[in-house]
Amino acid sequence: MESEKNKIDSKGATGVVVPADGDQNKTIISLLKQFLEKKYLDAILIPSKIPDTESYTWLLVHEESLLDSANPLPPVMTVQGGRALSTLTEHGELEGTIAVLMRPCEIRAAVELSKLKQIDLDNFTFFSIDCPGAVPLSDYMNDPQEMTKIFEQPLDKWGESESLRPVCQICDQFSLYCLVPSSDHSQSGENEDEMPVPDLHIGLIGEHDKVFLTPVTPKGKDLLEKVDLTVQESMENWESEIDRIREIKRKKRTDFHKEWDTKIKGADNLVTVFDECINCHNCMNACPVCYCQQCYFDSQFMRLTPDDYMERSKKRGALRFPLDTMFFHLGRMSHMALSCVSCGACEDACPMSIPVAQVFTAVGDQAQAYFRYVPGRAKGEVLPLQTYQEDEFGEVETPKEEAEMSSVEEKDNV
Amino acid sequence: MSKEIGVYICECGPNIKDRIDIDQAIEEISSQDEVKYVKRFPLLCSNDGKKFLEEEIKKEEPTHIVIAACSPREHEQTFMSVCEQAGFNPYLFQLVNIREQCAWMIPDKEEATSKAITYIRAGIRRVGLHRPLEKKEIESNPDVLVIGGGIAGLETSLSLAGKDRQVYLVEKKASLGGMSAKLSQLIPPQGLDVSLISAKIDEALNHSNIDVMTSSEVIDIRGFLGNFQASIHREEETSEIRKIKVGAIVVATGFRLYDPKTDSSYGGDVDNVITALELEEMAASGKVQLADGKPPQSVALINCVGRKERGYCSTACCVYSIKLAHYFRDHLSDVDVTNLYVDLCLPHKSDQAYFEEAKKKNVRFIRADEDVKIGQKGDRVEIIYNTDGKSNSLVVDMAILAPAMLPAEGTAELAEMLNVPLDKTGFFKEVHEILNPVATPIEGVYIAGCALGPKNIPESVVQSQATAGKILSSLVPGEKIVPEVKVAEIREEFCTGCQTCLSVCFYGAISFDAVKGISVVNEAICRGCGSCVGSCPSGAIRSKHFTYPQLYREVVEALR
Amino acid sequence: MEKRKVLVIGAGLAGMKASLLLANAGVDVCLVEKESYIGGQTIKFEEVYPNMECATCMVSPIQQDVLQNNNIELFMLSELEKVTGEAGKFQVKISKKARYVNLVNCIGCGACYEPCPVELDNEFEEGLSKKKAIAVPCAGALPNVPAIDPENCLRLNGKKKDCKACQEACVFDAIDFTEKDEKLDLEVAAILVATGFDVFDESSLTQYGYGKFPNVYSAMEFERLYAQNGPTEGQLILRDDKKLKSIGIIHCVGRQEQGYCSGVCCMYSAKFAHFLKHKVPKAEIHEFYTDLCIPGKSYQRFYEETLRKGVNFVHFEDIRVGAHNGGLRINYTDGNGKENSTQTDMVILSPAMIPGKNTEQLAEILGITLDKQGFFSTQNEQLSPVTTDKEGIFVTGCAEGPKDIPDSIAQAEAAVGKILVSLT
Amino acid sequence: MDTEFKPNIVGFLCNWCSYAGADLAGSSKMEIEPSLSVIRVMCSSRINSNLVLASHLWGADGVLIAGCHPGDCHYEKGNYYARRRFALLKKIIDILDLEPDRLQLSWISASEGKRYSEVVNTFTEEISEAGPNPLAHNPKL
């Protein structure tokens, strides 16, 4: 399932290779500035460093000069971009043409949210960017400079770094082609629904002093042409590098599953994983696809009468506080496992450093494979629980159809 | 306010009494808080029982009632009406099934008793959370919009129009009558002539309660049973948009015919290969002749043209071809007539007699497998066919094809406008193919005639009258609509507007309020299945009378 | 609208549906049913085509509605005896047989069956099982109240005047031997005939060996044989307990004799094939047909599914069934007059639908005519298929001619339309 | 202990088919294990993961969801959605190895009183063998 899920051939793309003389970020920023200056875009939503601090946030930039503080690829993911976007559009659309520069997992989250009617994708122009991953938020806050250094190193040896967040280390959807559903992404333009969501992808891998721009949609192509970037060059170095790294990451992901399957299997193991949980529900609040206004698990409907608690305590011999930890995590899982994009936000948010993201990735991948569903792959896909087929999942029924028949047959044979 | 729940246990003669220790049950339950009293009665569903219950409710004035007796499928209604008579809101009562699924299933008395106690406890805890639900009444408009002026549309309109019911009949074309108006005579047995159709057309045109709009198309429809608004685009002398309000909508848009030219095996452009409808036209003009103007000496009627391609039998063609055979024998008796059929589909009681009759008039009937080949042979038409695997051929002057029926143009668009589903074949889909053959998932929207699938005239007429029956029965002028009470209800503070519920609601009962950004349940349409409740990730939908807390109470008690 | 009364004869699916629609429109309905239960033929089926839906699940909510509807007055074990007057004001006389079991007192516990000393063939189960002289036709029948068969009850037929086995077993004193047959006089504005159909008697045709060979079954027998609530609880146990390896299903039994095609046999025969393929996947199934009558948009799809499941369809002109080394041999000639034969363990006959018993008599009482085929004839088969030639009297369902469930229901709804118009 | 162990099963039955089937089993006086407590819902699609999880985590030795056979839903499509939701929940429970066999989905029609009794009795047997639900007695949950 895993391999099928990402079976994408990245060969044969054409785009624009821009010289970056050492600093890829600068190159990207100056490109974005042009878009703003020439009013091809009215605003850009982009991660930026908060002046005089070490922390990052999202800025909706109108004034191009303010792009100087922007960082297309910050070392940390403070707020998941998908979530940022949904809060922006929570009460109606934004005016004008607005671009969003996000990591692939953030865009995939945005796609899931669009299926849940929380974001209108057509309202935005999406720039995706090659993402090496991010470093754990806590580590970063302990020593920003050090972690920033570490973060910048792995750009050379992508996929090998041990300092990245665990889910980033095993992320095999870190670049454009990983998002493109059809094996031939140049064809995919024909069906709106099958279109990859980014309009323009920014490639960083391959060569330090170059930025690889791939226009994915007419929108993106048009933008490049407006700033006279029409040169069609081979992107081979970039592509081959992506393939190489994806192989590494994919292997890591497989190993990850081997490891985690044993870690979470069985009540005792699972309870141990969540032992420290203090029911702060930060994971839920940070999760981009946990989009509910008010979480049902925070509602009064979850509160029981005292005698119920007594009853339960009696049954179990003791009643654990905080209450319903496992109920909460399992409930949340049953709500969003199919849409989980393993962005790691939950894990960053957990004050008790519980490996939430890894648990959800371990479960999510398998559940998604079971439903042949890849969250965030394309906007046209229907969420698995919003549709059905008349003849499916026979294996979950009891008695199994076959079983019934054979048993009847035996009876007849007698 | 504190709850004072009244509990009644029905002995059901020996059925419950002998198998469940009611005294023990009473003893254990009485101690439960919020229980005001527990009483037993020999047979609550008997007249004495009902009288007893009514007086009890009045006398004891409990806040809620639990009755432990038989299955709700047996007597929930009975006891609910007793509650009503006693002026007690029937939704504050819970019937607990301790007979079918307890006393009658569990042979061991002790086990049965404890199970019964569990069930009654669950009922008590559940009923405490019940809310008094009230029946609603919704104003409704008895008028009807009929789309399509063919025989089905005409029949529907004529059956419905009356002094207190206006019918709006909308027809795309400039004249009424549809396909059947093109026939030189209606498909026998009786061999009625078309004057009957024109009579119906005149009747519709002159009917004071039928508003006929020809050259018109429905461009927009909103609303629900009893309260639809439709916009109609009229292209008559002037082009205008007309808005009307109706209570129900009948779609009678009919069918179109399969075009044999699309498949060369049906002769393509071979001379003197014509469709049955073309023959009707010749017949109407009085000169049935070959391309060269000579009269045909021999003709072959070929059935099931396009059946293979479409994957269904169009029902009417067999009898229709037989009609044409009769036509030749009666009017052009010197023409030799052969009918090639795959299977004779004669599903109506007098069809076969009509077929036998044609045989008597020496019409030759040949059984031929589906794949006939029609080609030219000199200036004549050659038909190559198989019978049970054996190949034969036949040469005639003229081949007359009976093509399959297809969904009318614009069917898909109309379906989308009405938010009703289509069948795999592209025809409209009935809400329940067996039990509800002319209704759609959208209450108040009905389909009649060939818009639902291929059929012959009698079936179309029956269906038209059927839609009339359903409308006359559900939209009585002056009467209000009383919708289901146990419906779904949105908790606004929880709804995030993800619209998952819209996608799972089969009845289109949920819509999205873009202003508030939340889903809205139309109680007039909701049937209370709870599918939306089960699907809502935010837990924002409550199904009245089956709320999470109510069901959860039952779970807790079951596990106590 | 001022209250008007309508008489509906027959509480089969068509009659029930019509009654409910009329009741919903505020009309008072008198529903007359000659049996002791409601639901007609449909409740004998386990599944219905083309979606193999469970018939009980489909029909029981309708039966419940009929029993609980305040606008519907139900008379069971009753038949129409006399009609006078005209449209808008018919005087009708109903003869109602005694049930000997009080509908109000009886709660359907079934305590009375076991002690009854009389055992009879259960005709509802096509004689495949026994019943007592006091019984409900099958588990789950509605209303869930038994009736006593006066011909066979020892007390009522005088063979054992003091037998009160059932009465002693009943603690609800629901058994009432003193109950008498009654005559009821009603005035109704309109009459709807929904008396349904019967099936052609296979034994009248010797070539099929019905009644001669134990494993030749009629379609109705097979319906009960595979019903979960039937005599074998859905187990395919042949009369001689033989193991099923191959089955032959013969269509058009009685078509020639009746002179019409019943329009449903091909489909329900295909339904049997579906069921058999499900229950006994390895068994060979042969369908012998003369013409495949599978009209409409969805029936051919159903037929093609049976083909995919490996059911063998054979066209025949002429056919006969004989015994051959322990099994049954089906000899037939094809469209080219060629002789063939097939060996099977079981043969199922799909008989024609014929007019219900007492149709002629009822026509006489109502003063309406029958057509050549013996069904009630309508004013004009083409354009007014539910109105009879007598004003105020309407006919629907299989009483008007053979048809399947959707067509019967559509016609019932059509009749309701005509009736409601006639009432205003 | 195990010999004494009486399973405690929660059964969510749809009103139109399965609940009717259960009634039929009763009126046909079939012997059925007292282990299962029936909770009536209008349609199997009403059941959401929370109800099942709650039962599963808080003491049910087994949870049964029963509805009309696919295609027979009284509300036309409900059980199809129910099946998908159940498939997901079961999959998750399965991945986490939290006693997936204690969750069961069965289609039982109104005429299948016998099937109902078989489903309940077999399920009870299996649970009896499996023993009490460890989740229910795990004080840490």
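This is a short group-meeting talk on a predicted model, going through domains, a sheet, a few residues and some chain contacts.

Okay, thanks everyone. Please keep in mind that what's on screen is a predicted model.

Let's start with chain B and how it's carved up. There's domain 1, covering 5–133, then domain 2, which comes in two pieces, 144–254 + 408–474. Domain 3 spans 259–403, and domain 4 runs over 488–544. Now look at domains 2 and 3 of chain B: their C-alpha centres sit 31 Å apart. How many residues do they bring to their contact? Domain 2 of chain B puts in eleven, and domain 3 of chain B puts in 15. On the domain 2 side, that's six nonpolar, three polar and two charged residues.

Next, a little sheet in chain B. It's an open one with three strands, ordered β8-β9-β10, and the pairing is antiparallel. Which strands are at the edges? Those are β8 (216–224) and β10 (239–246) of chain B, each pairing on one side only. From one strand to the next, the twist averages 15°. As a reminder, strands in a sheet pair through backbone hydrogen bonds, and that can be parallel or antiparallel. If you zoom in on β8(B) and β9 (residues 227–235) of chain B, you'll find eight bridges between them, running antiparallel. To pick out one residue, B:Ile221 has B:Ala230 in β9(B) as its bridge partner.

Now for two residues of chain B that I'd like to set side by side. The first is B:Phe328, in helix α11 (residues 317–331) of chain B. Is B:Phe328 buried or exposed? It's buried, because 23 other C-beta atoms lie within 10 Å, and the cut-off for buried is 20 or more. Setting aside residues up to four places away in sequence, B:Phe328 touches B:Val299, B:Val335 and B:Val337. There's also B:Val288, 40 residues away along the chain, with a C-alpha separation of 9.8 Å from B:Phe328.

The second one is B:Glu139, which is in the loop between α6 (109–127) and β5 (144–147) of chain B. This residue counts as exposed, because it has 10 other C-beta atoms within 10 Å, and exposed means 12 or fewer. B:Glu139 and B:Gly226 are 87 residues apart along the chain, yet their C-alpha atoms are separated by 7.2 Å.

On to the core. In soluble globular proteins, nonpolar side chains tend to be buried together. Here the largest nonpolar core has 508 residues, and B:Ile67, B:Ile120 and C:Leu192 are the ones with the most contacts inside it. Take B:Ile120: beyond its neighbours within four places in sequence, its contacts include B:Val7, B:Ala25, B:Ile29 and B:Val96.

Finally, the chain contacts. Where chain C meets chain B, 59 residues of chain C contact 60 residues of chain B. On the chain C side, α1 (13–24), α2 (55–68), α7 (299–308) and α9 (405–423) each supply at least two residues. Which element gives the largest share? That's α9(C), with twelve residues. By class, this side of chain C has 29 nonpolar, 20 polar and ten charged residues.

Chain C also touches chain D, with 16 residues from chain C and 17 from chain D. Both β4 (53–54) and α2 of chain C supply at least two residues of the chain C side, and α2(C) has the largest share, four residues. The split on that side is five nonpolar, eight polar and three charged.

That's it from me, thanks for listening.

Definitions and conventions:
Residues are numbered from 1 along each chain as its sequence is written. Chains are lettered from A and ligands numbered from 1 in the order in which they are written. This is a predicted model: local features need pLDDT of at least 70, side-chain atom pairs count only at pLDDT 80 or more; totals for chains, interfaces and linings use all residues. Two residues are in contact if their C-beta atoms, placed from the backbone, lie within 7 Å. Two strands pair if DSSP finds at least two bridges between them. Axes are lines fitted to C-alpha atoms, for helices over the stretch in contact, and angles run from 0 to 180 degrees between N-to-C directions. A nonpolar core is a set of buried Ala, Val, Leu, Ile, Met, Phe, Trp, Tyr and Cys residues joined through C-beta atoms within 7 Å. Domain bounds come from an automatic or database domain assignment. Ala, Val, Leu, Ile, Met, Phe, Trp, Tyr, Cys and Pro count as nonpolar, Asp, Glu, Lys and Arg as charged, and the others, Gly among them, as polar.
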